[in-house]
Every structure is written in structure tokens, then in C-alpha cells.
Amino acid sequence: MKILGIETSCDETAAAVVENGTRILSNVVVSQIDIFAAYGGVIPEVAARSHLEAIQPVIDKALKDAGVTWDDIDAIAVTNAPGLLGSLLIGTLAARTLAILHDKPLYAVHHLKSHVYANWLIPGENTATPTFPLLALVISGGHTQILYMPGHNQFEIIGTTHDDAIGECFDKVAKILGLPYPGGPAIANVALNGDPEKYRLPHPKVENLDFSFSGLKTAVLRTVQKELNLPISHPSHDLKNHLSEQQVADFAASFQKTAIDILIEKLQAALIQHPEVQSIVLAGGVSANEALREEAKVAFGGFCPAKNLSGDNGAMVAAAAYYEIESGVKPADPYQLNIYPRISIEN
Ligand code: KG4
Ligand code: ZN
């Protein structure tokens with residue numbers, strides 16, 4: 001079964017053709033990162049307009065790269081939740097229109113579900129596929145959750161963030177340090193030259209398997225101010241002008257290590273609560289982080305999506321839809337399918 005997956009929930013316009021939920025026949029991702037690097041973050045209106053310009057050529061290229069025509073496509077899958085309203089709307093309307101035009105079943109996929117299913121894609125880094133029951137650590141720009149999956153397409157949130165998402169925290173800390181958007185890759189890059197033990201940053205005290213990252217961001221801010229002998233009233237946007245390259249690298253490395261330690265600790269706690277778990281999978285943009293991937297491999301032998309499949313893409317949408325279909329999920333009505341900018345994976 002060949003599924004066309006379409007993804008426009010944030011700032012990537014993406015489409016892919018995937019066979020039987022695992023084999024990638026094509027994977028086209030047009031990123032708007034260059035536009036938003038200039039602004040220091042995503043501007044939703046601009047993102048939606050860029051999706052509108054890119055969506056048709058991206059879908060055409062996905063079919064062409066896969067060497068298929070519409071006749072070969074068995075179903076269309078699209079991210080309809082959660083994400084930026086205007087962005088979700090472009091992909092979802094495109095998918096609805098194409099489903100009607102070409103008379104294909106249409107599947108609506110939750111964005112976090114797709115990130116998890118990036119772990120089933122080949123070619124990826126994994127030689128085997130994850131086995132159930134499993135724990136999925138979803139770490140993206142908008143979410144930080146630990147999911148318990150007893151089987152395909154079954155999700156229970158057992159831990160979530162009380163405030164910022166981890167990717168958001170990377171992005172905000174990068175801003176303080178004067179590093180470009182998106183902050184995650186920028187921090188990972190300069191951290192290579194930094195000392196992760198240089199600055200001690202606190203682990204937030206959060207009950208059970210939940211997270212909190214806004215305190216960590218503030219801790220970085222205060223530690224930078226202290227290091228520079230500046231008062232806490234000193235504006236955060238000016239601190240970068242006072243930091244040396246080495247200080248930036250040391251802060252990046254120390255922050256990254258703390259963030260990773262927090263994630264690993266929570267996963268370890270989750271494993272104690274669920275000793276029956278067979279696999280641990282990482283998912284979402286932050287799972288591209290090399291230091292985290294190493295730690296997770298050492299600690300759990302965990303699964304990670306291939307690096308180019310960690311961020312937003314259409315292949316993971318198609319993979320998720322395949323396992324939805326396998327689980328008996330019915331297609332959506334292409335005349336009715338709505339978008340849900342904020343909705344839980346448990347719905
Ligand atoms: O999953 P994603 O592409 O989009 C959302 O669904 O949010 O995740 C984007 C997030 C951004 O916050 C970005 O800074 C972060 O993933 N990210 C990273 C790395 N690459 C991307 N964070 C840490 N290390 C990385 N190498
Ligand atoms: Zn994402």
C-alpha cells in the first residue's frame with residue numbers, strides 16, 4: 001500500500017510517498033528556516049503563506065521522485081492537528097481537495113503520532129523496528145511528553161510538561177546566547193567546543209513523570225547575568241553582546257547536558273513504573289540531538305529516527321496513517337475534515 005503523506009503543521013512544507021508504513025519512496029521537505037532565522041522565530045502568517053506557495057510543487061515532486069502517478073497512490077494522509085492554525089489549514093485543504101479530485105481515502109493524523117512513527121521508517125538508523133509495549137519520548141518545539149504505547153495506534157500520556165516544551169527551551173536559551181533560530185541545532189553545534197561541567201544548572205523539582213523547562217531557561221538567564229556581573233534587571237537580549245565565544249560554548253554545553261540529564265532521568269523513572277516495556281523510542285525535532293541520541297543509546301539501547309526524519313516530514317505522516325489503517329481507523333470525510341491546533345494525542 002502506497003500512501004502520500006502531507007505535513008504543514010509548522011514551518012516545513014513536506015510530502016512523501018511511503019510503502020507499507022516503512023519503505024520511503026520519496027521524501028520532499030521544503031524548510032522555511034531561512035526566512036525565520038531572519039526574524040528569530042516563526043511568524044504564523046508568513047508560514048501559512050509560504051506553505052500555500054510551496055505545497056503543490058512539493059506534492060508534485062514527491063510523486064515524481066517516487067516514480068508514481070496518482071493511480072499508484074492508495075491513500076492520502078495529512079497532519080490536521082496540532083500545530084499553527086494557518087499552517088495546518090493549507091496542508092489539510094490541499095489533502096482534502098486532492099482526495100476528492102483523485103477519489104482517494106483521506107486519513108487525518110495527529111502530529112505527535114507521526115513523530116513516533118518516524119521510528120518505523122526505512123532507510124533509517126534502525127535495523128529492527130520497535131516492539132510493544134513501548135515508551136515514546138516525544139520532544140519537539142511544541143511538546144514534551146512520555147507516551148506509553150501498549151500496541152500500534154494506542155497512546156497514553158504518562159508525563160508531560162507543565163510549561164515550556166524542551167525544543168522551545170533550546171530556542172529561548174539560544175536567543176539569550178545570541179545563537180540563531182532554530183536554537184536546537186545551533187546549541188548542539190557550539191556545545192561541541194564547550195565544557196558541560198562549567199556551569200551548574202538546577203534540575204526542576206517536578207512530581208512524577210512530568211517536566212518543567214521554564215525554570216531551566218530562567219536559570220540560564222540568571223547564571224549568565226551572574227557570570228557577567230550584571231544585575232538581574234539587565235535585559236536578556238543584550239547579554240549576548242557581553243559573552244565571549246568560549247562562554248557561549250560553555251553555557252550551551254552546560255545547558256544541553258542538563259536538559260539531556262533531565263530527559264534521561266524521567267525516562268528511567270518511567271521504566272521503573274513500566275518494567276514490562278520492550279522498547280524506548282525518541283521522537284520529534286529534538287531527537288536529532290547527537291548528544292542525547294548517544295546518551296539514550298547507552299542508557300536504554302533506545303530507538304531514534306534517522307536524523308533527517310527527526311524533524312517535520314511527510315514520510316512519518318504516511319507511516320502513522322498506515323498503522324492507523326492497520327488498526328482499523330476509518331478514513332475522514334474529505335468534505336468535512338477539520339483542523340485542531342491544540343488537541344491531545346489521547347483524543
Ligand atoms: O518536531 P519539530 O521539527 O517541530 C515541532 O513539531 O515542533 O521540532 C522543532 C524543535 C525546535 O525547537 C528545534 O530547536 C529542535 O526541534 N531541534 C533540536 C535539534 N534539532 C532541532 N534541538 C536540539 N538539538 C538538535 N540537534
Ligand atoms: Zn514536529
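Is Lys2 buried, exposed or partly exposed? Hi everyone, let's start there. In this predicted model, Lys2 is partly exposed, with a relative accessible area of 22%. Its partner is a nice contrast: Glu19 is buried, at 19% relative accessible area. The cut-off for buried is under 20%, so Glu19 falls on the buried side of the line because its value is 19%.

What do these two side chains do together? Lys2 and Glu19 form a salt bridge, at 3.7 Å from N to O. Lys2 belongs to strand β1, residues 2–7, and Glu19 to strand β2, residues 12–19, so the pair ties together parts that are 17 residues apart in sequence.

How many salt bridges does the structure hold? There are 11, and I'd like to show you two others. Glu290 pairs with Lys307, and here the closest N and O atoms are 2.6 Å apart. This pair also links distant parts of the chain: Glu290 sits in helix α9, residues 290–300, while Lys307 sits in the loop between α9 and α10, 17 residues apart. Both ends are partly exposed, Glu290 at 38% relative accessibility and Lys307 at 42%.

The other one is a local affair. Lys172 and Glu168 are four residues apart within helix α5, about one turn of the helix. Their closest N and O atoms are 3.3 Å apart. Lys172 is partly exposed at 30%, and Glu168 is partly exposed at 26%. If you have the model open, look around this pair as well: Asp164, Glu168, Lys172 and Lys217 are linked in a network of salt bridges.

Now to the metal. Which residues coordinate the zinc ion, ligand 2? They are His111 and His115, each through NE2, and Asp312 through OD, at 2.0 to 2.1 Å. Along the chain, the donors follow the spacing H-x3-H-x196-D. His115 is in helix α4, residues 111–117, and Asp312 is in the loop between α9 and α10, so this pair ties together parts that are 197 residues apart in sequence. His115 and Asp312 are both buried.

His115 turns up again at ligand 1. Of the 19 residues around ligand 1, His115, Gly141, Asp171, Gly184 and Gly285 come nearest. Backbone atoms feature here too. A backbone N or O atom of Gly285 lies 2.9 Å from an oxygen atom of ligand 1, and for Gly184 the corresponding distance is 3.0 Å. A polar backbone atom of Gly142 is 3.5 Å from an oxygen atom of ligand 1.

Last stop, the nonpolar interior. The largest nonpolar core has 51 residues, and those with the most contacts inside it are Leu177, Val224 and Phe255. Elements giving two or more residues to this core include strands β6, β7 and β9, along with helices α5, α6 and α7. Which element gives the most? That is α8, with 12 residues. Apart from this core lies another, of 36 residues, among them Val109, Trp120, Phe303 and Ala320.

Back in the largest core, Phe255 is a good residue to click on. Not counting residues up to four places away in sequence, Phe255 touches Cys169, Phe170, Val173, Ile187, Leu201, Leu216 and Val220.

That's the tour, thanks for listening, and I'm happy to take questions.

Key
Residues are numbered from 1 along each chain as its sequence is written. Chains are lettered from A and ligands numbered from 1 in the order in which they are written. This is a predicted model: local features need pLDDT of at least 70, side-chain atom pairs count only at pLDDT 80 or more; totals for chains, interfaces and linings use all residues. Side-chain values use heavy atoms; hydrogens and water are left out. A salt bridge is a side-chain nitrogen of Lys or Arg within 4 Å of a carboxyl oxygen of Asp or Glu. Buried means under 20% relative accessible area, exposed over 50%, partly exposed in between (1.4 Å probe, protein chains only). Donors are N, O and S atoms within 2.8 Å of the metal (3.2 Å for Na, K and Ca); water is not among the atoms, so sites may look incomplete. A nonpolar core is a set of buried Ala, Val, Leu, Ile, Met, Phe, Trp, Tyr and Cys residues joined through side-chain atoms within 4.5 Å. Contact means heavy atoms within 4.5 Å. A residue is near a molecule or strand if one of its heavy atoms lies within 4 Å of it. A polar contact is a pair of N or O atoms within 3.5 Å; within protein, one must be able to donate a hydrogen and the other to accept it, and residues adjacent in sequence count only if both atoms are side-chain atoms.
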